[in-house]
Amino acid sequence: MKKFATPQQVYNLLKGKTDGKKLLSDILPPLLYCTENIQWRELLLHQVDNPSLEILTNLFGIANRLQAFRDTIFQGNPITINSAYRSPAYNKKIGGEDNSKHCLGQAIDFTVANIMPQHVQDLLVNHSGGLGSYSSFTHIDGSNKRRWRG
């Protein structure tokens, strides 16, 4: 059964349960949702370190923005999240930017079923935050309006 959780509830669920080795996505219960279609597990992929409440709150905000895009301009097509929150250690390990918005919980990399990334990026032309255009995925973040190609 689908259950929704606030950032505070997720923070409390993770508090004291991490050892720096076990993936957070394995600690969180299945079907624990942030939005109607985005699970908290998707937002914390590959992570072993507890994010702060502030980071979880940021994730909640950017996930809700992505959900709104799914419901409107993506016409309900499913979204696959490739990356959302990244601890600084994980971000460094994968070669992420030093000042990555992912480390603040303010960014999501994703694909949309049945819509090519270039078309997704065209649909997001009016997004008020950061928009990164890549050949195989799209990046959005909550920063000031800026655009780039990767």
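# Getting to know this predicted model

Tutor: Let's start with a pair of charged residues: E36 and K2 form a salt bridge, with 3.0 Å between their closest N and O atoms. Keep in mind that this model is predicted.

Student: How many residues apart in sequence are the parts that E36 and K2 tie together?

Tutor: Look at where each partner sits. E36 is in the loop between β2 and α3, while K2 belongs to the segment before β1, so their salt bridge ties together parts of the chain that are 34 residues apart.

Student: Is D141, the partner of R146, buried or exposed?

Tutor: R146 and D141 form a salt bridge whose closest N and O atoms are 2.7 Å apart. R146 is partly exposed, with a relative accessible area of 36%. Buried means under 20%, so at 0% relative accessibility D141 counts as buried.

Student: And where does the salt bridge partner of R86 lie?

Tutor: R86 pairs with D109, and their closest N and O atoms are 3.3 Å apart. Both residues are buried. R86 lies in the loop between β3 and α5, and 23 residues away D109 is in strand β4.

Student: Let's move to the helices. Why do the buried residues of α4 lie on the same side?

Tutor: Helix α4 covers residues 53-71, and its buried residues include I55, L59, I62, L66 and F69. An α-helix has 3.6 residues a turn, so residues three or four places apart point the same way. The buried residues of α4 are on the same side because they cover an arc of only 150 degrees.

Student: What do those buried residues of α4 pack against?

Tutor: Their partners include both helices and strands. The helices are α1 and α3, and the strands are β3, β4 and β6.

Student: What arc do the buried residues of α1 cover?

Tutor: In α1, the buried residues are P7, V10 and L14. They are on the same side of the helix, because around the axis they cover an arc of only 65 degrees.

Student: Which element gives the largest share of the largest nonpolar core?

Tutor: This core has 32 residues, and among those touching the most other members are W40, L59, L66 and F110. Several elements, including α1, α2 and β3, each supply at least two residues. The largest share is seven residues, and it comes from α4.

Student: Which residue of α4 is in contact with F110?

Tutor: Leaving aside neighbours within four places in sequence, F110 is in contact with residues including F74, I81, V120 and F137. Also in contact with F110 is a buried residue of α4, L66.

Note on methods. Residues are numbered from 1 along each chain as its sequence is written. This is a predicted model: local features need pLDDT of at least 70, side-chain atom pairs count only at pLDDT 80 or more; totals for chains, interfaces and linings use all residues. Side-chain values use heavy atoms; hydrogens and water are left out. Helices (H or I, at least four residues) and strands (E, at least two) are DSSP runs, numbered from the N terminus. The expected span of a helix is 1.5 Å times one less than its number of residues. Buried means under 20% relative accessible area, exposed over 50%, partly exposed in between (1.4 Å probe, protein chains only). The arc is that of the directions from the helix axis to the C-beta atoms. Contact means heavy atoms within 4.5 Å. A nonpolar core is a set of buried Ala, Val, Leu, Ile, Met, Phe, Trp, Tyr and Cys residues joined through side-chain atoms within 4.5 Å. A salt bridge is a side-chain nitrogen of Lys or Arg within 4 Å of a carboxyl oxygen of Asp or Glu.
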